[in-house]
Amino acid sequence: MSPPLTIQEGATLILAGRSQERMQAAARRIVARAKRAGVERPQVETASLDLASLASVRSFAAAFTRSHAQLDVLLLNAGVSSLPNPNPNPNPNPNPNPNP
């Protein structure tokens, strides 16, 4: 698998998320892959960001604008850990008559 095209073109990749440990591990894998593909100095950064917290989003945005002139591409990849129950009825039997 090749490194992200943007890194091959000299762009800086910023991994933003809640787990610094997982982001650092991912950054190391991306840098290693980019170097194997011939990218001399792949630019990969990590930043703390919790999309469930508006304060965290504001903090990330402020830090980003202080250190970067522009944002060219934004990719979001967020998982959902649980969905609300679409059926609030605790009875799992949809048939109200148990003896049809």
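Buried residues are those under 20% relative accessible area, exposed ones are over 50%, and partly exposed ones lie in between (1.4 Å probe, protein chains only).

**Figure 1. Overview of the predicted protein chain.** By that cut-off, buried residues make up 15% of the 100 residues in the protein chain. This is a predicted model, in which local features need pLDDT of at least 70 and side-chain atom pairs count only at pLDDT 80 or more, while totals for chains, interfaces and linings use all residues. Residues are numbered from 1 along each chain as its sequence is written, and side-chain values use heavy atoms, with hydrogens and water left out. The protein chain has 3 helices and 2 strands, where helices (H or I, at least four residues) and strands (E, at least two) are DSSP runs numbered from the N terminus. Read from the N terminus, the order of elements is α-β-α-β-α. Of the contacts (heavy atoms within 4.5 Å) with a separation of 6 or more, 56% join residues 24 or more positions apart. The chain exposes about 8300 Å², of which carbon and sulfur atoms supply 53%; accessible areas come from the Shrake-Rupley method with a 1.4 Å probe, and for residues only the protein chains shown count as cover.

**Figure 2. Confidence along the chain.** The measure here is pLDDT, the predictor's confidence in each residue, from 0 to 100. The protein chain averages a pLDDT of 82, and 72% of the residues score at least 70. Among the elements, the lowest mean pLDDT belongs to H1 (72) and the highest to H3 (95).

**Figure 3. The largest nonpolar core.** A nonpolar core is a set of buried Ala, Val, Leu, Ile, Met, Phe, Trp, Tyr and Cys residues joined through side-chain atoms within 4.5 Å. The largest one has 8 residues: Ile 7, Leu 15, Met 23, Ala 26, Ala 27, Ile 30, Ala 34 and Val 39. Helix H2 (residues 20–36) gives the most to this core, with 5 residues. In soluble globular proteins, nonpolar side chains tend to be buried together. Leaving out residues up to four places away in sequence, Leu 15 touches Met 23, Ala 26, Ala 27 and Ile 30, as well as Val 44, Glu 45, Thr 46 and Ala 47.

**Figure 4. Surroundings of Ile 7 in helix H1.** Ile 7 is placed in helix H1 (residues 5–8). Ile 7 counts as buried because its relative accessibility is 2%. Beyond its neighbours within four places in sequence, Ile 7 is in contact with Leu 13, Ile 30, Ala 34, Val 39, Pro 42 and Val 44. Ile 7 and Arg 41 are 34 residues apart along the chain, and their C-alpha atoms are separated by 9.1 Å.

**Figure 5. Strand E2 beside helix H2 residues, shown through Val 44 and Val 31****.** Val 44 lies in strand E2 (residues 43–48). Apart from neighbours within four places in sequence, the contacts of Val 44 are Ile 7, Leu 13, Leu 15, Ala 27, Ile 30 and Val 31. From Val 44 to Ala 26, 18 residues away in sequence, the C-alpha to C-alpha distance is 9.7 Å. Val 31 is in helix H2, and counts as partly exposed because its relative accessibility is 21%. With neighbours within four places set aside, Val 31 is in contact with Pro 42 and Val 44. The C-alpha atoms of Val 31 and Gln 43 are separated by 7.8 Å, with their positions 12 residues apart along the chain.

**Figure 6. Two residues of helix H3, Ser 56 and Ala 61****.** Ser 56 is found in helix H3 and is buried, with a relative accessible area of 18%. Not counting residues up to four places away in sequence, Ser 56 touches Ser 48, Leu 49 and Asp 50. Ala 61 also belongs to helix H3 (residues 54–67); at 35% relative accessibility, Ala 61 counts as partly exposed. Ala 61 and Leu 49 are 12 residues apart in sequence and 9.3 Å apart in space, C-alpha to C-alpha.
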